[in-house]
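Me: Could you walk me through this protein and tell me how each description is justified?
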Amino acid sequence: MSVPNTVAAATVPASSSNYLSTLDLTKNESGDQKDAPSGGASSGSKVLRFIWHSLYSQYNFFCTRSKTLKQLVCREANKPLPKKFRHTMRLNKSAKRKGYEFYISDEDRSIPSGIPNCPRGLEYLTSIDQLLVKQKVELLEAFIGFETNNKFSIKNALGQKVYYAVEDNDCCTRNMCGPARPFDMKIFDNFQQEVIHLNRPLACSACCFPCCLQTMEVSAPPGNVIGSIEQEWSICSPSFRILNHLGDTVLRIEGPFCTFSLCGDVEFNIVSLTGAKVGKISKQWSGLAREVFTDADFFGITFPLDLDVRMKAVLLGATFLIDAMFFEKSGNREGDTPGMF
């Protein structure tokens, strides 16, 4: 059994020292195979070894022909990891040595946990009264108008990312239904845990169809409905109802007659049941090039600090519904009209 392995090892060119370590492994394995039964594992290792020899010989051939390739490979192989990533790895290694699962930064410690009557993952919303939503620019959508799943970063007033949202939809629905498409939106925290789930069914937003207006259901955590947004029938300006998990109206959103973003912000006021303004959802001007060639938008949300954390999450969902209804373009073409026509 060991004779063929010895012959195969002898056929490999011995002039190059790059094969010495692999040949030694072959000899050692050939000696061990006297006691071990022959099987698929040994043949598989031979195939992998043969592939490795072939690839390495080709790499050596190209390196001798081109010094630039060799320098490029050496430079990329020896390039250090990013400083922040190396720092995190070092802290995680130190934390595991002390018996912890992973390192928790000061920023993570500042997020309250275990708050009574607060859904898991929404603890951070109890201590803020403002959120910034920034949509990611999709190059494929910007250049050829092919609709892709939208992605958003949700930040606090200091610009620190606290959540990120990803649209979950199929290619056919996105490109056939355009801005009116139904979708699921998944919102994750910095630990990559889904904390909020939004569901928008297929419906109409025009005043000509009052029986099937826009709605959105908000769940936190996924499967536990905490509220919803319902569009109210109107002709001149858009308006919405913010409902809690019992179906009672808690807040209302009143929009402007014209939602065109002409070098300025477009504001949707959040009002109480008595008509007092308590906050707003503003679509912020993001620059001429970004406004003309993409549908990636900036939004700002302000609400009372002592507002129920569930309603804060529902207002965040209302921001995505407003973006889809009034600021999402179809093939980079502006299709918005004054009023609700």
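Reply: Happily! The protein exposes about 19700 Å², an accessible area from the Shrake-Rupley method with a 1.4 Å probe, where for residues only the protein chains shown count as cover. Carbon and sulfur atoms supply 59% of that area. This is a predicted model, where local features need pLDDT of at least 70, side-chain atom pairs count only at pLDDT 80 or more, and totals for chains, interfaces and linings use all residues. Residues are numbered from 1 along each chain as its sequence is written, and side-chain values use heavy atoms, leaving out hydrogens and water.

Me: What makes strand 7 and strand 8 a pair?
Reply: Two strands (E runs in DSSP of at least two residues, numbered from the N terminus) pair if DSSP finds at least two bridges between them. Strand 7 (residues 225-231) and strand 8 (residues 239-244) are joined by five bridges, so they pair, and they run antiparallel. Across from Q231 stands F240 in strand 8.

Me: How do the 12 strands come together?
Reply: They close into a barrel in the order 1-2-3-4-5-6-7-8-9-10-11-12, with antiparallel pairing. Neighbouring strands of this sheet are turned by 20° against each other on average, direction ignored.

Me: Why is helix 10 called mostly covered?
Reply: Buried means under 20% relative accessible area (exposed is over 50%, partly exposed in between, with a 1.4 Å probe and protein chains only). In helix 10, 19 of its 19 residues are buried, so "mostly covered" fits.

Me: What span is expected for helix 10, and what does it reach?
Reply: The expected span is 1.5 Å times one less than the number of residues. Helix 10 has 19 residues, with 27 Å expected, and reaches 26 Å from its first C-alpha to its last, which is close.

Definitions and conventions
Helix = DSSP H or I, 4+ residues; strand = E, 2+ residues; numbered from the N terminus. Axes fitted to C-alpha atoms, helices over the stretch in contact; angles between N-to-C directions.
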